Amino acid sequence: MAAFLSRILTFAALAAIAFADGEDKAPLCDPGDGPDAVALRPRLLRRADSFTCPVFRSWGGVTDTCSGDAIVWNNRTTLNKHVTLYYLPHDKVIVNSGAAYLKTAIDLIAGSLDTGMPLYQQWGAGTNIYFGIVGDHDAYGSARPEQENEKLKHCEVVVRYPDPTAPQSEISLRTTKAAVHEFYHCVQYAQNLKGRNSGSSERRSWWMEGTARFFDGVIFPIPANINILGRGAFPEEYNPSVSLVEQSYEAALFWHYLVQTGIKPSEVNAWVATKLGRNSVKEDLVDIEGTPLFANNWLGFAQAFVDNKINYTASIPIPIVNRIAAPSPLQVSLSVGGKMNTTGSDVAGFTFNLRRVAFPASTVHSLEPPKGTPCSVRLVGDSAWRPVSSAFNFTTNSEAAQVEVVCACNKSVACSSRFLIERSR
Ligand SMILES: [Zn+2]
């Protein structure tokens, strides 16, 4: 295939018609006030009221120690203070699972917290976290900050007891991911309660859920043989036609891409620590247009997405569900000196699109990309993308050929994706 393609055409960089240097970068739950947690909280409050243990009553009041009905199963030194695991001894689901399964389940959850600890410990120093295991809960986990004078007093988490009747590899993965996912919400609250509370937009999910999902994926990636996808809950389900800031858990894919390019998870966390809630999608878009972490990496993300080449850490692939199908090519038929503007819809802020253009045999065309829109091109069948910032020539030999173009809008407003095409011979 490659030999065939190189025989029929070449890319030619001319004087004023240069490629930019090709840089081919290899690159659930519910938080307290997230969009879906608003509905969840009343259920938690009712549940909390039924617990006799002060830690669960702390949904309405606070005590640092737990005694009486609930069992303090384990105390773990962490974040300079502690995480405490609790469950109720008369929780029917837990009791009915049997003592052996209970031990397995608690070891699983405690072990996942231990696994997440080295990553989180440095970020949430001084945070008290209460961690409850409940037999029956609507979500795999939930987290909520207890605040005092606009500071985090402590963080409360509940995780659903792993269902003993579910496939164990699947339920183990869900449970371990939920534990470290909720744990990271506590880190978010500890570092940036203001950011979470500020603004009125309900669309905080892309950064609160997206980064929590990212970190649970760093710690517990989804292996190829376990299928837990659904409801847009995982990075595999990223939707390229929706702006990054209007996604939720699936936004984790972008963070995984960044780490693949060499950006450290701690840098992602550092950004989370400074992020402010906003009042609209538009304001979020303005934020990220002015943030190099987003604006400078958006085209690379688009390329990697098209190629389905984004990994969890440890090189475990993240197989993308919403792949972009190869578009029908625009057939170009110009006489020498003829010009045309390609049509097609604009690219919305922090989305991207993919198009193809088909050129007849034995012609030279120049393509001028839309000003201000980062785009990359390649010959259909090639693997490497070539970023383009100004017009470039495309030459076919004895056979027709196609190029594909990805344009990634790193702006707060829609970007043009219209190319000017001119035939020079
Ligand atoms: Zn969450």
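Here are four short exercises, with worked solutions, on a predicted model of a protein chain.

**Exercise 1. Find out how many helices and strands the chain has, and what share of its residues is buried.**

Solution. Start with the secondary structure: the chain has 12 helices and 15 strands. Next, turn to burial. Of the 425 residues in the chain, 45% are buried.

**Exercise 2. Work out where the largest nonpolar core lies with respect to domain 1 and domain 2.**

Solution. Begin with a general idea: in soluble globular proteins, nonpolar side chains tend to be buried together. Now look at this chain, whose largest nonpolar core holds 95 residues. The members touching the most other members are Val157, Phe183, Cys186, Ala302, Val406 and Cys407. Helix α6 (residues 168–197) is the top contributor, giving 10 residues to this core. Finally, check the domains: domain 1 (2–25 + 323–423) and domain 2 (37–315) both supply residues, so the core lies between them.

**Exercise 3. Decide whether helix α12 (residues 298–306) is largely enclosed or not, and find what its buried residues pack against.**

Solution. First, count the buried residues. In α12, 9 of the 9 residues are buried, so this helix is largely enclosed by the rest of the structure. Among them are Trp298, Phe301, Ala302 and Phe305. Second, look at the surroundings: the buried residues of α12 pack against helices α8 and α11 (292–295), and also against strands β9 (352–359), β11 (375–379), β12 (386–388) and β14 (401–408). Third, zoom in on one residue. Leaving out residues up to four places away in sequence, Ala302 touches Phe352, Val406 and Ala408. Last, step past the end of the helix: just after α12, Asn308 has a positive phi of about 55°.

**Exercise 4. Describe how helix α7 (residues 205–219) packs with helix α8 (residues 252–260) and with helix α9 (residues 265–274).**

Solution. Two packed helices are described by the angle between their axes and the distance between the axes.

Take α8 to begin with. Its angle with α7 is about 55°, and the axes are 8 Å apart. The two helices are therefore oblique to each other. The crossing of α7 past α8 is right-handed. From α7, Gly210, Thr211, Arg213, Phe214 and Gly217 meet Ala252, Trp255 and His256 of α8.

Now take α9. Here the angle with α7 is about 160°, with the axes 11 Å apart. An angle over 145 degrees counts as roughly antiparallel, so that is how α7 runs relative to α9. Trp207, Thr211, Phe214 and Val218 of α7 make the contact with Pro265, Val268 and Val272 of α9. This time, α7 makes a left-handed crossing past α9.

Definitions and conventions. Residues numbered from 1 in each chain as written. Predicted model: local features only at pLDDT ≥ 70, side-chain atom pairs only at ≥ 80, totals over all residues. Core = buried A, V, L, I, M, F, W, Y, C linked by C-beta atoms within 7 Å. Buried ≥ 20, exposed ≤ 12 C-beta atoms within 10 Å, placed from the backbone. Helix = DSSP H or I, 4+ residues; strand = E, 2+ residues; numbered from the N terminus. Domains from an automatic or database assignment. Contact = placed C-beta atoms within 7 Å. Axes fitted to C-alpha atoms, helices over the stretch in contact; angles between N-to-C directions. Parallel < 35°, antiparallel > 145°, perpendicular 65-115°, else oblique. Left-handed = near helix turned anticlockwise from the far one by under 90°.
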